[in-house]
Protein chains: 4
Amino acid sequence: MYSFRNDYSEGAHPNVLRALAQTNAAQTCGYGLDPFCLEAAAQIRTLCRAPEAEVHFLTGGTQTNLVTIDALLQPCEAVIAAHTGHISVHEAGAIEATGHKVCAVPSPDGKVSCEMVESVVRSHSSEHMVIPRLVYISDTTETGTVYTKAELTALRRCCDSHGLLLYLDGARLGSALTCSGADVTLPDLASLTDAFSIGGTKNGALFGEALILASPCPRFRWHMKQRGAVLAKGRLLGVQFQALLKEGLYFDLARHANEMAQRLRQGLEALGCPAAWDSPSNQQFVILSNSTIEALKTAGYEFETDHPEGPDRTCIRLVTSWATPPQAVDAFLNSLSALLPIR
Amino acid sequence: MYSFRNDYSEGAHPNVLRALAQTNAAQTCGYGLDPFCLEAAAQIRTLCRAPEAEVHFLTGGTQTNLVTIDALLQPCEAVIAAHTGHISVHEAGAIEATGHKVCAVPSPDGKVSCEMVESVVRSHSSEHMVIPRLVYISDTTETGTVYTKAELTALRRCCDSHGLLLYLDGARLGSALTCSGADVTLPDLASLTDAFSIGGTKNGALFGEALILASPCPRFRWHMKQRGAVLAKGRLLGVQFQALLKEGLYFDLARHANEMAQRLRQGLEALGCPAAWDSPSNQQFVILSNSTIEALKTAGYEFETDHPEGPDRTCIRLVTSWATPPQAVDAFLNSLSALLPIR
Amino acid sequence: MYSFRNDYSEGAHPNVLRALAQTNAAQTCGYGLDPFCLEAAAQIRTLCRAPEAEVHFLTGGTQTNLVTIDALLQPCEAVIAAHTGHISVHEAGAIEATGHKVCAVPSPDGKVSCEMVESVVRSHSSEHMVIPRLVYISDTTETGTVYTKAELTALRRCCDSHGLLLYLDGARLGSALTCSGADVTLPDLASLTDAFSIGGTKNGALFGEALILASPCPRFRWHMKQRGAVLAKGRLLGVQFQALLKEGLYFDLARHANEMAQRLRQGLEALGCPAAWDSPSNQQFVILSNSTIEALKTAGYEFETDHPEGPDRTCIRLVTSWATPPQAVDAFLNSLSALLPIR
Amino acid sequence: MYSFRNDYSEGAHPNVLRALAQTNAAQTCGYGLDPFCLEAAAQIRTLCRAPEAEVHFLTGGTQTNLVTIDALLQPCEAVIAAHTGHISVHEAGAIEATGHKVCAVPSPDGKVSCEMVESVVRSHSSEHMVIPRLVYISDTTETGTVYTKAELTALRRCCDSHGLLLYLDGARLGSALTCSGADVTLPDLASLTDAFSIGGTKNGALFGEALILASPCPRFRWHMKQRGAVLAKGRLLGVQFQALLKEGLYFDLARHANEMAQRLRQGLEALGCPAAWDSPSNQQFVILSNSTIEALKTAGYEFETDHPEGPDRTCIRLVTSWATPPQAVDAFLNSLSALLPIR
């Protein structure tokens with residue numbers, strides 16, 4: 001009946017569609033140099049309190065990661081990332097295809113800590129090795145966890161003391177900034193990272209990621225072009241981000257997704273199926289028996305089942321979005337309840 | 001008053017926007033594996049009479065070129081292209097960034113001929129040289145010219161006799177297939193090329209190119225992913241192409257663009273400003289004095305002025321689109337008429 | 001007094017130098033197509049009992065690894081290697097610079113096991129991930145351990161069942177084939193791997209690695225050329241390998257290096273400094289106190305000290321070579337003996 | 001009887017071999033950090049009167065070109081080279097394989113002029129194009145011509161005014177510096193270029209190119225390592241260059257090669273076979289009938305025959321070297337004389 005497979009199962013928030021329709025007939029120049037993009041970029045700089053920052057709009061997450069990381073690195077320089085990081089696992093080697101090694105460090109919760117960064121730095125001491133230069137983090141992480149301001153501040157200090165850049169992949173940044181306990185703001189990110197993205201695709205846009213570069217990088221548009229990351233009708237990105245940023249819609253949508261996730265989590269817990277680990281964000285992980293999972297799928301529910309937990313059980317992922325209705329959550333919980341053995 | 005700068009100055013045809021709105025709430029899986037994409041691909045196979053062909057949807061032209069060419073080539077293999085070819089000039093070295101040389105051959109009219117192909121093949125005879133392996137052509141070309149069926153058939157034979165692949169960049173394919181004198185069809189392209197694209201961006205879509213691979217290439221989706229060319233909400237591409245292909249809208253839009261271009265051309269000729277060369281398609285080139293050009297710009301017209309012709313004159317490019325109203329053409333001609341010296 | 005830093009601290013065995021001098025005046029064609037290379041390749045095919053194998057000569061180890069791995073892989077394909085593997089650590093990201101990810105697996109002894117291979121294969125199941133395609137092993141490994149024939153046979157079967165290629169980096173192959181307990185032969189390697197190298201640089205040559213490809217790879221010379229790995233006077237490689245292979249000199253030199261290593265090991269053990277782990281080959285590892293290490297260095301001995309073992313002790317590496325005289329080993333042991341506290 | 005195919009048909013000058021033998025037993029550290037390399041680098045700095053220059057030793061010409069050009073360029077930056085340039089034609093796309101476009105300009109004599117450079121710069125004006133950044137020249141060129149000091153000075157000025165780097169491939173630099181009419185010195189090159197190489201392979205070494213970087217480039221050794229261009233026994237390069245630089249041997253050898261070439265040229269002219277164009281260096285080009293060429297080959301002479309001149313004649317290349325005896329030249333001329341029709 002409902003897919004919890006991902007937060008990009010639907011199209012866009014109606015306001016986004018409406019803005020596209022309203023601006024459709026206007027003629028603009030291409031490639032993201034149009035007034036919509038310029039204004040959206042200005043809004044983002046204002047929201048980030050970063051008047052010097054450079055803002056670019058790209059189409060998707062992997063594209064944003066590969067273009068940005070390649071642009072920020074020199075040859076022989078490498079990335080440090082959690083072994084669960086999107087670039088470590090789920091981008092088909094996109095970073096390596098630009099020539100850069102990803103030094104993946106095991107992480108218990110999907111976050112990168114100062115200790116992890118330092119262990120990589122320490123073990124790369126000779127000119128026969130790559131030069132670790134950029135720390136990649138995602139927020140929320142791939143396991144739904146969220147960085148605190150203290151953690152980001154510590155990472156920044158660690159990066160500074162080792163001459164490293166800090167890049168935050170914000171494909172699910174809305175969820176991170178609005179979840180329960182969140183203490184990080186856009187201005188924090190603009191001052192603590194060298195670059196970060198604000199994901200639109202997973203939070204109400206048809207597509208689109210805004211990239212914020214703390215310090216200008218004049219050749220960045222060349223990098224984008226060379227990787228096929230300049231949209232001819234770049235205006236589409238500006239228009240969408242303007243719609244999302246208007247009156248805080250972006251944050252409202254993310255808050256809704258988080259609320260649906262917590263509703264799911266609490267319902268699961270009440271059914272005796274506690275979350276596999278603590279995620280305050282819009283991805284929830286729970287271990288169910290394979291027979292229950294099959295029954296849920298037969299009932300028409302969709303979700304990811306990538307992580308087997310022994311022969312009979314699997315850790316499933318349930319993702320809520322800006323579009324998830326509470327009824328869908330409740331229906332899922334009811335269906336699950338009917339499937340579980342009586343305790 | 002009007003921009004003839006490009007054929008992607010506006011948004012999308014209303015039918016496209018409407019289809020996006022109508023399908024917006026439906027949940028689908030991501031990455032172009034949804035029912036909309038599957039059905040659009042099936043429609044394209046039918047239109048091409050190529051039931052075995054593989055169809056992929058990508059976001060833009062440079063992205064399509066770089067992913068496809070890199071996927072079709074082995075290391076050390078090179079592309080043959082006209083010196084005016086989009087990949088030779090206007091993609092910021094995107095092909096070379098994937099490791100492949102583009103052997104650019106001077107072309108008088110933007111087309112690649114068998115003679116040009118053979119001159120490159122002949123001069124690459126040793127293992128110290130790259131191996132020419134793929135012929136890149138664009139149709140329409142960057143100078144507005146269009147291949148005949150005889151020319152494409154000859155190129156196919158030439159490619160076959162030298163073991164070369166033939167790839168046609170159809171960013172402006174609509175215009176090529178519907179212009180006056182056009183004798184090429186989609187089934188022709190499917191049988192004469194190894195791969196070709198049907199451009200949506202420049203003919204009524206918000207964005208999107210359909211790529212048709214004559215023979216299946218099972219790893220193609222990995223290539224796309226690795227280059228950041230898999231759209232999370234891939235459905236957007238399927239929905240748009242379905243809307244464009246419905247009842248021949250795609251061809252109607254292209255025909256309109258061509259008609260507007262011919263109206264422009266005839267008007268220019270009547271004003272004593274004949275086309276710089278014969279283009280049957282939606283790009284027209286004309287040489288004007290720099291003072292006239294400045295006056296047109298001051299009057300609010302936009303167009304490209306890349307090609308100086310001596311110190312006082314410039315060859316300008318005027319592009320019409322599916323959205324160009326005849327009134328815009330006529331207004332431009334009137335403005336120009338008032339600017340020209342009395343003959 | 002003596003450097004145990006590496007097995008390439010000296011020049012070449014006198015027979016190699018003599019052969020270079022004797023053939024110096026002869027004119028030959030370039031690029032490894034000369035009679036010396038052709039004959040050395042034929043000899044290697046005979047020694048490997050692999051009449052169909054393709055043999056190439058390259059200059060050094062990193063070059064051989066990067067050219068071979070890149071030539072054997074398609075885009076999006078990745079390598080599986082031990083985390084200690086030379087390509088994982090000590091080649092400055094050379095494999096990634098050709099666009100391929102190295103999936104490094106933790107290994108307790110520097111070897112890759114079937115279990116490790118299968119864990120990587122299992123976790124790479126989607127088109128959003130790289131495709132593991134080649135298993136890289138080194139023999140001897142970077143920690144001095146040596147594969148048994150049973151281990152290689154098991155790896156071959158594992159590779160076959162998963163469609164993987166097996167490549168063995170034989171930079172120290174001489175030591176592996178001649179060490180105590182060795183049960184692997186050149187014909188074994190030719191039948192169990194898809195490609196392997198016979199290292200000359202670390203076993204008596206000035207420089208040079210022979211690469212044996214089980215199945216012909218016609219474009220391999222293009223790959224070499226494109227990576228700058230074709231030596232103009234390629235004959236130098238053929239001449240050197242002919243000299244090394246004559247009357248088994250290659251194996252005699254390796255045997256000597258191994259004997260010197262065992263002499264060292266036994267002497268260390270007798271002094272109460274047992275090897276840190278069991279290495280039958282020409283690299284020995286032993287943990288000494290930092291003060292002892294400093295004293296040895298002051299006395300003029302050289303060796304690598306990359307691996308701290310807590311604050312006061314370090315695991316040092318001692319490498320013997322074809323050129324190491326027994327007197328150097330004994331002098332080292334004597335010096336150490338004088339430095340150790342009386343037990 | 002003699003091969004004029006190339007200037008690397010023989011081994012090394014006896015002094016080089018002798019130096020390798022004399023230093024063979026010494027233990028040194030690896031990778032070009034040994035005393036021989038350090039001293040050879042110091043000598044080169046002195047000869048170039050460039051105390052700040054960075055000197056590296058690489059194995060061959062293509063390797064030197066690809067490592068240096070890739071190290072000097074940022075992504076999206078491109079090289080300007082003559083269409084006959086070694087990197088444009090004879091390196092199997094090595095530069096493109098590092099991701100950089102080579103903008104090849106037609107050149108009548110193998111040299112790059114300021115006009116050519118400016119035509120490329122002028123036509124690369126937008127962010128959709130590569131950024132020309134480095135001018136590649138070879139001296140002597142691939143057609144045997146030699147740059148004058150005036151030409152190099154003009155190129156330097158042109159580069160400065162456009163923010164371009166100037167790199168000179170000196171694979172045949174010895175011949176260029178010692179030919180009749182030469183007015184360029186090593187200090188000139190050090191002050192006029194950003195980087196240049198002094199080729200050993202084609203002038204008496206077994207192998208080896210010295211690269212001189214006008215301004216230090218601290219990461220250069222990483223680039224070398226990543227491309228497999230660091231020789232384990234790097235000392236071999238230092239020892240060879242020391243031997244070649246001792247008492248001007250390098251220049252004497254080049255002078256000899258040039259003298260043999262002029263002897264050949266004058267002999268050819270006397271036989272009614274004038275040089276196809278004016279080359280003061282060790283490569284001579286002459287057009288002969290195909291039947292004469294076949295007869296010379298049958299007689300045992302070797303040379304390149306890459307350039308057909310119509311159906312019956314071919315422009316052949318004759319290369320002399322430090323090792324070419326005058327008798328070989330005279331014998332060739334006698335053989336040719338006997339083959340030519342009586343005039």
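The following exercises, each with a worked solution, concern the chain pairing and one sheet of this predicted model.

**Exercise 1.** Determine what relation holds between chain C and chain D, and which residue of chain C comes closest to the rotation axis.

*Solution.*
Step 1. Two copies of a chain are related by a rotation about an axis and a shift along it.
Step 2. For chain C laid on chain D, the turn is 180°, the shift along the axis is 0.0 Å, and the RMSD is 0.0 Å. That is the relation of a two-fold axis.
Step 3. The residue of chain C that comes closest to this axis is R227(C), with its C-alpha at 3.7 Å.

**Exercise 2.** Describe the contact between chain C and chain D by residues, elements and classes.

*Solution.*
Step 1. Chain C contributes 41 residues to the contact, and chain D contributes 41 residues.
Step 2. On the side of chain C that touches chain D, the elements giving two or more residues are α1 (14-22), α3 (61-72), α5 (94-97) and α10 (220-226) of chain C.
Step 3. Sorted by class, that side of chain C comprises 18 nonpolar, 17 polar and 6 charged residues.
Step 4. Of the interface residues of chain C, 100% are also interface residues in chain D, so the copies meet through the same surface.

**Exercise 3.** Carry out the corresponding analysis for chain B and chain A.

*Solution.*
Step 1. A turn of 180° with a shift of 0.0 Å along the axis lays chain B on chain A, at an RMSD of 0.0 Å.
Step 2. The C-alpha of R227(B) is the nearest to the axis in chain B, 3.7 Å from it.
Step 3. Because 100% of the interface residues of chain B are also interface residues in chain A, these copies meet through the same surface.

**Exercise 4.** Establish the strand order of the open sheet of 3 strands in chain C, explain which strands stand at the edges, and locate the helix that packs on the sheet.

*Solution.*
Step 1. The order in chain C is β8-β10-β9, with antiparallel pairing.
Step 2. β8 (283-289) and β9 (304-309) of chain C each have a single partner strand; they therefore stand at the edges, and one side of each is left without a neighbour in the sheet.
Step 3. Neighbouring strands of this sheet are turned by 30° against each other on average, direction ignored.
Step 4. β9(C) pairs with β10 (residues 313-319) of chain C over 4 bridges in the antiparallel sense. E309(C) has R313(C), in β10(C), as its bridge partner.
Step 5. Helix α13 (residues 290-298) of chain C packs on the sheet and touches β8, β9 and β10 of chain C. The direction of α13 makes about 115° with that of β8(C).

Note on methods. Residues numbered from 1 in each chain as written. Chains lettered and ligands numbered in written order. Predicted model: local features only at pLDDT ≥ 70, side-chain atom pairs only at ≥ 80, totals over all residues. Least-squares fit on C-alpha atoms with pLDDT ≥ 70 in both. Contact = placed C-beta atoms within 7 Å. Pairing = 2+ DSSP bridges. Axes fitted to C-alpha atoms, helices over the stretch in contact; angles between N-to-C directions. Nonpolar A, V, L, I, M, F, W, Y, C, P; charged D, E, K, R; others polar.
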